[in-house]
Amino acid sequence: MNDDADPGQDERSGPSAWDTALRLLGVRARSRQEMLQRLERRGFDPDTIDEVMARLENHRLLDDADFAAQWVHSRHTHSGRGRVALRHELRAKGIDETTISATLSEVDPEDEREIAANLVARKLTVAMAERAKADPAERDKIKRRLLGMLVRRGYPQSMALDVVSEALVG
């Protein structure tokens, strides 16, 4: 390969590995593992992938700590994900435990609780609240559904129980 050639350009037609990586980063930030897997899936050879990954890191375009911070902020704020779910998602993205713990320590427990309460408030209609007050069996059913929704979104059971209980009392 000559010095003027684009690292990652292979003999096949189509975009180079470098162009592919930049295009992927243009959509959203990626973890190192995600980028590696995407380039492998596109069929680039291992040497080319290594060159592109090194170049991305040299240009500081891959940073797992920054990626984790962006991911947590976005998923917590806009998707209402709790710390348990965020930890699982970051593991799946190939982020190491130290980075995950450091990133999740930045999540304010009061913000997390407020987001959980807002999720419950959106799901709990006036009619549901009235049925819950009138019928203990209906109250248990509604409580289980709301608890399940929060736990599936990654909120700790104790927090979910507190938030749902407060919403049903109010």
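In this predicted model, the count of salt bridges comes to 10. One of them joins glutamate 57 to arginine 32, with the closest N and O atoms 2.3 Å apart. Glutamate 57 belongs to helix H3 (residues 46-58) and arginine 32 to helix H2 (residues 32-41), so this pair ties together parts that are 25 residues apart in sequence. Another salt bridge is formed by the side chains of glutamate 112 and arginine 83, at 2.6 Å from N to O.

The domain assignment divides the chain into domain 1 (17-62), domain 2 (64-107) and domain 3 (108-169). Two annotated spans are also recorded in UniProt, both from an unreviewed entry. The annotation "domain: RecX first three-helical" is listed there for residues 17-56. Helix makes up 80% of residues 17-56 and strand 0%, and the end C-alpha atoms of this span are 11 Å apart. The annotation "domain: RecX second three-helical" covers residues 63-104 according to the UniProt entry. Residues 63-104 are 81% helix and 0% strand, and 16 Å separates the end C-alpha atoms.

The contact between domain 2 and domain 3 was examined further. The C-alpha centres of these two domains lie 24 Å apart, and the contact involves 11 residues from domain 2 and 10 residues from domain 3. The size of an interface is often expressed as the accessible area lost when the parts come together. For domain 2 and domain 3, the buried area is about 810 Å², of which 47% is on carbon and sulfur atoms. On the domain 2 side, the most area is lost to domain 3 by His76, Gly80 and Arg83, which together account for 47% of what that side buries.

Polar interactions across this interface were counted as well. Seven residue pairs are in polar contact between domain 2 and domain 3, with both residues of each pair at pLDDT 80 or more. Helix H4 (64-79) and helix H5 (83-92) each contribute at least two residues to the side of domain 2 that touches domain 3. By class, that side of domain 2 consists of three nonpolar, five polar and three charged residues. The count of salt bridges between domain 2 and domain 3 is one. Arginine 83, whose side chain meets that of glutamate 112 in a salt bridge, is also among the domain 2 residues that lose the most area to domain 3.

Conventions. Residues are numbered from 1 along each chain as its sequence is written. This is a predicted model: local features need pLDDT of at least 70, side-chain atom pairs count only at pLDDT 80 or more; totals for chains, interfaces and linings use all residues. Side-chain values use heavy atoms; hydrogens and water are left out. Domain bounds come from an automatic or database domain assignment. Contact means heavy atoms within 4.5 Å. Buried area is the accessible area (1.4 Å probe) that two parts lose on being put together, summed over both. A salt bridge is a side-chain nitrogen of Lys or Arg within 4 Å of a carboxyl oxygen of Asp or Glu. A polar contact is a pair of N or O atoms within 3.5 Å; within protein, one must be able to donate a hydrogen and the other to accept it, and residues adjacent in sequence count only if both atoms are side-chain atoms. Helices (H or I, at least four residues) and strands (E, at least two) are DSSP runs, numbered from the N terminus. Ala, Val, Leu, Ile, Met, Phe, Trp, Tyr, Cys and Pro count as nonpolar, Asp, Glu, Lys and Arg as charged, and the others, Gly among them, as polar. UniProt positions are given in the numbering used here, feature names are shortened, and annotations may be inferred rather than shown by experiment.
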